[in-house]
Amino acid sequence: MSDMAEKKGKLKVTVELEVNEELMAVIKDAMSKASTKIPEMMRHSGENKQ
């Protein structure tokens, strides 16, 4: 058992999910909104610190 604990490695997992078109549209919309809001949120957090 001690031999197993000393060995380290990486495991890459790829997950494929099937979602319906309606859900995919909601996810894409949420991602596009998040990408526009993140820089704005970063600016606000920088202003709060000063």
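## Salt bridge in helix α2

In this predicted model, D29 forms a salt bridge with K33, and the closest N and O atoms of the pair are 3.5 Å apart. Because D29 and K33 stand 4 residues apart in helix α2, about one helical turn separates them. The count of salt bridges comes to 1.

Neither partner falls in the buried class, since D29 has a relative accessible area of 37% and is therefore partly exposed, while K33, with a relative accessible area of 45%, is likewise partly exposed. Both values lie between the 20% under which a residue is called buried and the 50% over which it is called exposed.

## Contact between D29 and S32

D29 takes part in a further contact, this time through its backbone: the backbone oxygen of D29 lies 2.8 Å from a polar atom of the side chain of S32. S32 is placed in helix α2, and this residue is partly exposed, with a relative accessible area of 36%. D29 thus has its salt bridge with K33 as well as a backbone oxygen that lies 2.8 Å from a polar side-chain atom of S32.

## Nonpolar surface patch

Which residues make the nonpolar surface patch? The patch is made by L11, V13, V15, L17, V19, L23, M24, V26, I27 and M31, and its area is about 1,000 Å².

One of these residues, L11, has its place in the loop between α1, which covers 2-6, and α2, which covers 21-49. With a relative accessible area of 76%, L11 is exposed, because that value is over the 50% cut-off for this class.

## The chain as a whole

The secondary structure of the chain consists of 2 helices and 0 strands. How much of the chain counts as buried? Of its 50 residues, 0% are placed in that class, which means that no share of the chain is counted under the cut-off of 20% relative accessible area.

The accessible surface of the chain comes to about 5,700 Å², and 57% of this surface belongs to carbon and sulfur atoms.

Technical notes. Residues numbered from 1 in each chain as written. Predicted model: local features only at pLDDT ≥ 70, side-chain atom pairs only at ≥ 80, totals over all residues. Heavy atoms only, no water. Patch = residues over 30% accessible without salt bridge, like charges linked within 9 Å, V, L, I, M, F, W, Y side chains within 5 Å. Areas by Shrake-Rupley, 256 points an atom, 1.4 Å probe, with all protein chains shown as cover. Salt bridge = Lys/Arg side-chain N within 4 Å of Asp/Glu carboxyl O. Buried < 20%, exposed > 50% of the residue type's maximum accessible area, 1.4 Å probe, protein only. Polar contact = N/O pair within 3.5 Å; in protein donor to acceptor, adjacent residues only side chain to side chain.
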